[in-house]
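Dear colleague,

Please find below the structure that I am handing over to you. My findings follow directly after it, arranged by topic.

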Amino acid sequence: MSTSQPPARLRRAFDELGAVTLQNRKYLGSKVRLLDVIERQIVAAAGAVESFFDGFAGTGVVADRMRSHTDCLTLVDTLASNYSINRAFFTSRKANVRIAYVADALRELNELEPAHGYAREHYGGRYFTHDNAGRIDAIRDRIALRMKDGDCTEQEQHVLIASLLLAADKVANTVGQYDAYLKNLGSTTYDENGRHLVDSNVYGPLRLRMPVLQFTAGATVIRADVNEVAGDHEADVAYLDPPYNDRQYVDCYHVLENIALWHKPELRGKTRKFERDALKSRYSRRGTALEAFAQLVGRIRARHIVVSYSNEGLLSVDDLRETLATRGPTTIESTDYAVFGNGAGKSVRRRIVEYLAFCRVDS
């Protein structure tokens with residue numbers, strides 16, 4: 001399990017550039033506030049966790065919490081943006097990442113002048129200020145050039161991309177997702193009635209910070225449909241946190257996905273989305289969610305299956321229980337907590353119920 005301290009060079013880079021972690025993300029369904037509950041209940045149900053499979057890794061925060069129990073981690077996600085970030089934070093090693101190189105690269109990238117390119121044309125004045133969109137152009141093009149010229153390893157490329165994605169997310173003109181953007185660039189953060197107009201970080205310059213890399217062995221990060229690869233991996237605990245409503249994650253994070261891939265496809269509509277049907281999830285469609293979940297549960301190879309879900313989801317508690325019971329005895333715990341909906345209107349809080357389902361798989 002991971003207990004190591006960051007190397008001295010990495011600590012110096014934090015002091016100079018600032019540090020950025022997996023928890024520095026705004027993400028739908030983030031489990032940051034539930035990590036203590038999830039960890040405690042997983043350990044209570046499963047006992048020793050020598051290997052951990054995270055089938056819908058997202059931000060990676062649950063797998064990161066489980067590093068205190070095991071270094072044998074497998075993270076799966078369909079999005080390239082999540083893949084690059086998780087590759088950076090989970091698979092960096094002394095053999096594939098030169099700290100001095102990354103720190104020097106981040107310094108150089110931060111000094112680049114904004115460019116008039118693809119991101120500025122499509123995202124400037126929408127998701128970012130024009131200057132910050134231009135910084136994305138300049139930085140992402142330079143990262144691609146470094147890789148093309150053989151100047152950096154593939155792993156170092158993911159570290160640089162991860163830093164850019166997290167920096168872009170910090171200054172984005174959104175409420176935490178990119179299905180739409182706020183329409184009030186140039187305004188104050190709130191109006192006199194408390195209506196949210198613009199995020200307070202939008203006007204600051206985009207700055208790359210040093211990812212907090214742990215340099216531990218044993219993790220694997222995969223970009224794939226978890227239903228296709230689940231049968232290829234064994235674990236003590238398989239943790240599943242599938243999308244629970246009809247909001248497609250690729251719609252909500254298409255901007256970060258586009259920056260990560262940097263294929264510069266044609267974009268359409270006011271929200272500047274690319275063609276993404278192949279990335280849409282069956283779990284976010286009422287007609288296919290239960291079928292997809294049942295298929296996945298049938299393919300999992302683990303002693304314990306743990307599922308996070310919400311009372312606002314397409315599947316019912318009975319769906320979860322009955323499907324998991326096909327593999328073994330199943331119990332379901334619930335946690336009631338408030339989520340903060342801070343959108344282009346007055347901020348509101350609402351109570352939701354998070355379900356944690358535990359299945360002890362029959363041998």
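**Salt bridges**

Arg67 forms a salt bridge with Asp64, and their closest N and O atoms are 3.0 Å apart. Please note that the model is a predicted one. The two partners of this bridge differ in exposure: Arg67 counts as buried because its relative accessibility is 4%, under the 20% limit, whereas Asp64 is partly exposed, with a relative accessible area of 24%.

A further salt bridge brings together the side chains of Lys264 and Asp141, at 3.2 Å from N to O. Lys264 lies in the loop between α11 (254-261) and α12 (289-299), while Asp141 belongs to helix α7 (residues 130-148), so this pair ties together parts that are 123 residues apart in sequence. Lys264 counts as partly exposed, at 36% relative accessibility, and Asp141 is also partly exposed, with a relative accessible area of 35%.

Asp277 and Lys280 form another salt bridge, in which the closest N and O atoms are 3.9 Å apart. At 25% relative accessibility, Lys280 is classed as partly exposed. In addition, Glu108, Arg142, Arg146 and Asp151 are joined into one network by salt bridges that share partners. In total, the structure holds 22 salt bridges.

**The second largest pocket**

The second largest pocket contains about 550 Å³ of space. It is lined by 35 residues, of which Phe56, Asp77, Thr78, Pro243 and Tyr249 are the closest to its centre. At least two lining residues come from each of α3 (61-65), β3 (73-77) and α10 (249-252). Sorted by class, the lining of this pocket comprises 18 nonpolar, 10 polar and seven charged residues.

**Nonpolar cores**

Which residues touch the most other members of the largest nonpolar core? They are Ile42, Phe52, Phe90, Phe128, Leu206 and Met210, in a core of 86 residues. Helix α8 (residues 154-170) gives the most to this core, contributing nine residues.

Met210 may serve as an example of the contacts involved. Leaving aside residues up to four places away in sequence, Met210 touches Leu10, Ala13, Phe14, Leu17, Gly18, Ala19, Val20, Ile99, Val102 and Leu106. There is also a second, separate core of 30 residues, with Ile222, Ala224, Leu324 and Val361 among them.

With kind regards

Definitions and conventions
Residues numbered from 1 in each chain as written. Predicted model: local features only at pLDDT ≥ 70, side-chain atom pairs only at ≥ 80, totals over all residues. Heavy atoms only, no water. Salt bridge = Lys/Arg side-chain N within 4 Å of Asp/Glu carboxyl O. Buried < 20%, exposed > 50% of the residue type's maximum accessible area, 1.4 Å probe, protein only. Helix = DSSP H or I, 4+ residues; strand = E, 2+ residues; numbered from the N terminus. 1 Å grid on protein atoms, 1.4 Å probe; cavity = no way out; pocket = protein on both sides within 12 Å on 5 of 7 lines; lining within 4 Å. Points joined across faces, edges and corners; volume = space filled by probe spheres on them. Nonpolar A, V, L, I, M, F, W, Y, C, P; charged D, E, K, R; others polar. Core = buried A, V, L, I, M, F, W, Y, C linked by side-chain atoms within 4.5 Å. Contact = heavy atoms within 4.5 Å.
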